[in-house]
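The exercises below ask you to work from paired strands to ring contacts, with a solution set out step by step after each task. Keep the sequence and the structure in view while you read.

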Amino acid sequence: MIEYIKNDAYGCYVFQNGKSIHNKSSNLSYIKKLCYGALFTYEGYLKAVQINHGKSYKIPLYIDDDIMLIPSGRARDFENIWINYAAIKQIIDMNQSIEVVFNSNSKLMLNISINAFKRQISYLRLIRNEKVKHFHS
């Protein structure tokens, strides 16, 4: 299971089950490929969320129940890390930053407050519930 996706100078690293796999494309290009695999475009997803919810910044990405990605910053920023909410075991508040512990017990420090991350999780759940509702209608 994907834990997080992080850029480097030569592409991105996809961290899965405590191991990393290098990809020659940026993390945003990798995200777009994941969307294509789920039969939608990233751009279309963003536009739909913006129209339906008015949110245009740090939009979480729900692909399926195994891939629920939360950006740590703006999607196009090099420093942005996509965290898979489905792979999180625990979130530890470290005063203005958090430590994310994944199901594999690997850890990641993020310069995000616990409250900001919780807001992202709430928004992700809202999007997930809406997508699942439409799919089953």
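**Exercise 1.** In this predicted model, find which residue of E5 is the bridge partner of Asp 64, and describe how E4 and E5 are joined.

*Solution.* Begin with the single residue: Asp 64 has Ile 67 as its bridge partner in E5. Next, widen the view to the two strands, where E4 covers residues 61-64 and E5 covers residues 67-71, and where three bridges join them in an antiparallel arrangement. Finally, look at the connection, since E4 and E5 form a hairpin that has two residues between them.

**Exercise 2.** Determine the strand order of the open sheet of three strands, and state which strands are its edges.

*Solution.* The order is E7-E8-E9, and the pairing is antiparallel. Strand E7 (88-93) and strand E9 (107-110) are the edge strands, as each of them pairs on one side only. With direction ignored, neighbouring strands of this sheet are turned by 20° against each other on average. For the pairing of E7 with strand E8 (residues 98-102), count five bridges, with the two strands running antiparallel; within this pairing, Gln 90 has Val 101 as its bridge partner in E8.

**Exercise 3.** Classify the ring pair of Tyr 4 and Phe 15 from its geometry, and decide for Tyr 4 whether the residue is buried or exposed.

*Solution.* A search of the whole structure gives five aromatic pairs. For Tyr 4 and Phe 15, the ring centres are 4.2 Å apart and the planes meet at 15°, so the pair is stacked, given that planes under 30 degrees apart count as stacked. The next step is to place both residues: Tyr 4 belongs to strand E1 (residues 2-8) and Phe 15 to strand E2 (residues 11-16), so the pair ties together parts that are 11 residues apart in sequence. For accessibility, the cut-off is that buried means under 20% relative accessible area; Tyr 4, at 8%, therefore counts as buried, and Phe 15 is buried with a value of 18%. Both residues also belong to one aromatic cluster, which is formed by Tyr 4, Tyr 13, Phe 15 and Phe 102.

**Exercise 4.** Identify which ring lies beneath the charged end of Lys 55, and which ring has Lys 131 over its face.

*Solution.* The charged end of Lys 55 sits over the ring of Tyr 123, at 5.0 Å from the ring centre. Turning to the second lysine, Lys 131 lies over the face of Phe 40, where the distance to the ring centre is 4.4 Å.

Note on methods:
Residues are numbered from 1 along each chain as its sequence is written. This is a predicted model: local features need pLDDT of at least 70, side-chain atom pairs count only at pLDDT 80 or more; totals for chains, interfaces and linings use all residues. Side-chain values use heavy atoms; hydrogens and water are left out. Rings of Phe, Tyr and Trp (its six-membered ring) pair if their centres lie within 6.5 Å; planes under 30 degrees apart count as stacked, over 60 as edge-to-face and the rest as tilted. Helices (H or I, at least four residues) and strands (E, at least two) are DSSP runs, numbered from the N terminus. Buried means under 20% relative accessible area, exposed over 50%, partly exposed in between (1.4 Å probe, protein chains only). A charge sits over a ring if NZ of Lys or CZ of Arg is within 6 Å of the ring centre and within 35 degrees of the ring normal. Two strands pair if DSSP finds at least two bridges between them. Axes are lines fitted to C-alpha atoms, for helices over the stretch in contact, and angles run from 0 to 180 degrees between N-to-C directions.
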